[in-house]
Amino acid sequence: MGVHYFECPAGTGVFAQAAQLAGRAAPSAPPPQVAAPVAVAAADAAEEIEYLPSKQKTADGSTSLGQQITWKGNKATVKYIGEVKFSKGEWLGLELADGG
C-alpha cells in the first residue's frame, strides 16, 4: 500500500522537519539529515493508495500550507504539514522551486 501526501512534478518533492528551514531556531536535538522521497502512485492500478490530509499550519503556528520557504539553500513551497508513515513527529512536504 502506498501513501500519498501531496502532488508535485517528479524530482521536486522532499520532506523536511520544520527545524531544517532557514531562519528557524535550532532544535534541542538535531533533526535527521535525510530527505524522504514523495510517494508516487504505482503503475498497477490495483494497488491501494492511502491519502493523508495536510494540516493548515505547523503545531507552533510558524509555518503555513502554501508558504514560500528556504530549505538547504533551495526555495520551496510548503505542500504538506503533518505526520508521516516513515518517521515520528511533524514533517513538511516541500516542492522545490528548481527541482533541487
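In this predicted model, Y80 is buried, with a relative accessible area of 1%; buried here means under 20% relative accessible area, exposed over 50% and partly exposed in between, with a 1.4 Å probe and protein chains only. Residues are numbered from 1 along each chain as its sequence is written. Because the model is predicted, local features need pLDDT of at least 70 and side-chain atom pairs count only at pLDDT 80 or more, while totals for chains, interfaces and linings use all residues, and side-chain values use heavy atoms, with hydrogens and water left out.

A good place to continue is with the aromatic rings. Rings of Phe, Tyr and Trp (its six-membered ring) pair if their centres lie within 6.5 Å; planes under 30 degrees apart count as stacked, over 60 as edge-to-face and the rest as tilted. By this rule there are 7 aromatic pairs. In one of them, Y5 and F15 meet edge-to-face, at 5.0 Å centre to centre and 80° between the planes. Y5 lies in the loop between β1 and β2 and F15 in strand β2, so this pair ties together parts that are 10 residues apart in sequence. Both partners are buried: Y5 has 7% relative accessibility, and F15 has a relative accessible area of 0%. F15 also forms an edge-to-face pair with Y80, at 6.1 Å centre to centre and 80° between the planes. This second pair links distant parts of the chain, with F15 in strand β2 and Y80 in strand β5, 65 residues apart. Y5, F15 and Y80 belong to one aromatic cluster that also includes F6, F86 and W91.

Next comes the sheet behind these rings. Helices (H or I, at least four residues) and strands (E, at least two) are DSSP runs, numbered from the N terminus, and two strands pair if DSSP finds at least two bridges between them. An open sheet of 4 strands has the order β2-β6-β5-β4, with antiparallel pairing. β2 and β4 (68-71) stand at the edges with a single partner strand each, so one side of each is left without a neighbour in the sheet. Strand β6 (residues 91-96) pairs with β2 over 4 bridges; among the partners, G13 faces E95 and A16 faces L92. Strand β5 (residues 74-82) is joined to β6 by 6 bridges, and G82 stands opposite W91. Of the 6 residues of β6, 5 are buried, so this strand is largely enclosed by the rest of the structure.
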